[in-house]
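Visitor: Can you walk me through this one? I'd like the cut-offs along with the answers.

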Number of protein chains: 2
Amino acid sequence: MKLATVEAGGQTHAALQVAQGYLPLPARNLSEFLQDTDWLSIASTVLAEHRSDSLLPTAEARLLNPVPAPAKVICCGLNYADHILEMGRELPLYPTLFAKFADTLADPGSEIISTASNNVDWEAELAVVIGTKITNATEEEATAAIAGYTVANDVSMRDWQRRTLQWFQGKAFDGTTPLGPVLVTTDELDPESGLEVICRVNGIEVQRGNTSTFVFSAARLISYISEFTTLRPGDVVLTGTPGGVGMGMEPARFLADGDELQTEIPGIGTLKNRVRLRVNTPIPSH
Amino acid sequence: MKLATVEAGGQTHAALQVAQGYLPLPARNLSEFLQDTDWLSIASTVLAEHRSDSLLPTAEARLLNPVPAPAKVICCGLNYADHILEMGRELPLYPTLFAKFADTLADPGSEIISTASNNVDWEAELAVVIGTKITNATEEEATAAIAGYTVANDVSMRDWQRRTLQWFQGKAFDGTTPLGPVLVTTDELDPESGLEVICRVNGIEVQRGNTSTFVFSAARLISYISEFTTLRPGDVVLTGTPGGVGMGMEPARFLADGDELQTEIPGIGTLKNRVRLRVNTPIPSH
């Protein structure tokens, strides 16, 4: 199933995407919908009944960030084995992790507005959304706790990211990590068998990786994270980006005002975000 | 004023600490109370009326983490100038920042249970609690947005912290950062004029720093953070720890099962947390 958070008729709805449009689910968004422990059977029932008279008005429907209210957004750094090996590095023993906030997320079609950096870079990623509360989970339990998959771009302010050893401040600008356009449940997709993760700038491909080359599988990542913190329905885990980021180019390339960023995972969909540079604050000094 | 979140009679209350005990405030905890834009005048009125017949039963009152539901907990690394200089390092141009979650926080008297690390270390810190929503704030605006100050211990799992370049995973274990015992409003305390930050293990002092030696003042930190993300009432900013952590000792010293960790800032209060090592999972491997 493809689940979404949709704005239509001035309201937001959790919804099920079908060929004819969107069938509403009983919640305002997927963050809320996933709190119901019966979310999967509720969605399955709505799909089976498929009451076309209940379809949301498609013409005016706009896809939003499917999960607007995660308590935790946890991201993995280096995770594509082919890219790490081609850079001459050793495969890591442990996942490199950092955090974002719900405020960091953005809608699949929204503008990415940079107010304090001209070093805006792309990082196409597969995002995992949690569907069941887990603590100290085995990989098998972690797999069962995944609600589904969506697309993310961990847009990064490289100057801020490199100001100190901790990447967080370059990765946590409000409204800079688009997520969506839909959440695809685990029966339809398996990252282990290989999903293409693609990034394009103004239509030109800059990144293409395959999730079958993950150092840490989605299940391994979630199991590992759950050793130190509880994950709950609606929480989001970003799985790392393949090679081809702007910072790695010679010379480094960053996004320009007006650039269109496309982030695609076939089988899920494409994020289309226009970049706006609105840097109006001087670089802070002492 | 000294504000608190108190458990009494099987319920939790936001409360005002007075000599005779606790006067209830109209919310279940301070995270909720601070959402009311009139929180300061409401608390002032309760204090002025000082109805002793409304006092919570003190005998059974237990102080909890004052702000249990922050959407953001943001921490600063190296921030005590004297300690940085004595280590022969240069003062940083930018604050080193990383994140925790609400789940990371713990009550002022709770046990700190380590389930996956035997390298448990202390970091006594002043914590700042936000009282007004701010974005892109000047230092003056940041100062005005502070609700008050409390005590924290950024208890860190050094082995996990050092597994990768990003500290996050060693700093985000559930229930390992005690906060409290009360929130002291800004009219009573000024970190710029100097607060002592003290840590003791089994009664022996291991850390003592003074907030007058901050590289980045509380206002500067909050102004800086607000350049990239909105801060809201109840959000928490940890301001860094002075010298004297266990990792810096020769040989390194970590907390043992049963150790009592005391974290004190005179004028605010003391956290007393017993450490429990319950490491029952093998170190993960591939």
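Guide: Sure, starting with a definition: two residues are in contact if their C-beta atoms, placed from the backbone, lie within 7 Å. This is a predicted model, where local features need pLDDT of at least 70, side-chain atom pairs count only at pLDDT 80 or more, and totals for chains, interfaces and linings use all residues. Residues are numbered from 1 along each chain as its sequence is written, while chains are lettered from A and ligands numbered from 1 in the order in which they are written.

Visitor: Which element gives the most to the side of domain 1 of chain A that touches domain 2 of chain A?
Guide: The domain bounds, from an automatic or database domain assignment, are 2-64 for domain 1 and 73-277 for domain 2 of chain A. Between them, 10 residues of domain 1 of chain A are in contact with 14 residues of domain 2 of chain A. Strand S1 (2-8), helix H1 (30-33) and strand S4 (62-64) of chain A each supply at least two residues of that side of domain 1; helices (H or I, at least four residues) and strands (E, at least two) are DSSP runs, numbered from the N terminus. The element that gives the most, with three residues, is S1(A).

Visitor: What relation do chain A and chain B have?
Guide: Copies are superposed by least squares on the C-alpha atoms of residues with pLDDT of at least 70 in both. Chain B lands on chain A after a rotation of 180° with 0.0 Å of shift along its axis, at RMSD 0.0 Å. That is the relation of a two-fold axis.

Visitor: How many residues of chain B are nonpolar on the side that touches chain A?
Guide: The contact counts are 34 residues of chain B and 33 residues of chain A. For classes, Ala, Val, Leu, Ile, Met, Phe, Trp, Tyr, Cys and Pro count as nonpolar, Asp, Glu, Lys and Arg as charged, and the others, Gly among them, as polar. On the chain B side, five are charged, 10 polar and the nonpolar ones number 19.

Visitor: Which strands stand at the edges of the open sheet of five strands in chain A?
Guide: Two strands pair if DSSP finds at least two bridges between them. The order is S8-S18-S17-S14-S15 (chain A), with mixed pairing. An edge strand has a single partner strand, so one side is left without a neighbour in the sheet; here that goes for S8 (112-114) and S15 (204-210) of chain A.

Visitor: Is helix H7 of chain A largely enclosed or exposed?
Guide: A residue is buried if 20 or more other C-beta atoms lie within 10 Å of its own, exposed if 12 or fewer, and partly exposed in between, with C-beta atoms placed from the backbone. Among the buried residues of H7(A) are Leu221(A), Ile222(A) and Ile225(A), and the buried residues pack against elements including helix H4 (139-145) and strand S11 (146-153) of chain A. Six of the eight residues of H7 (218-225) of chain A are buried, so the helix is largely enclosed.

Visitor: Which peptide bond is cis in chain A?
Guide: Most residues other than glycine have a negative phi, and most peptide bonds are trans. In the loop between S16 and S17 of chain A lies Pro251(A). With omega near -5°, the cis bond is the one from Glu250(A) to Pro251(A).

Visitor: And what phi does His50(A) have?
Guide: His50(A) sits in the loop between helix H2 (39-49) and S4 of chain A. This residue is exposed, with 12 other C-beta atoms within 10 Å. Although His50(A) is not a glycine, its phi is positive, about 40°.
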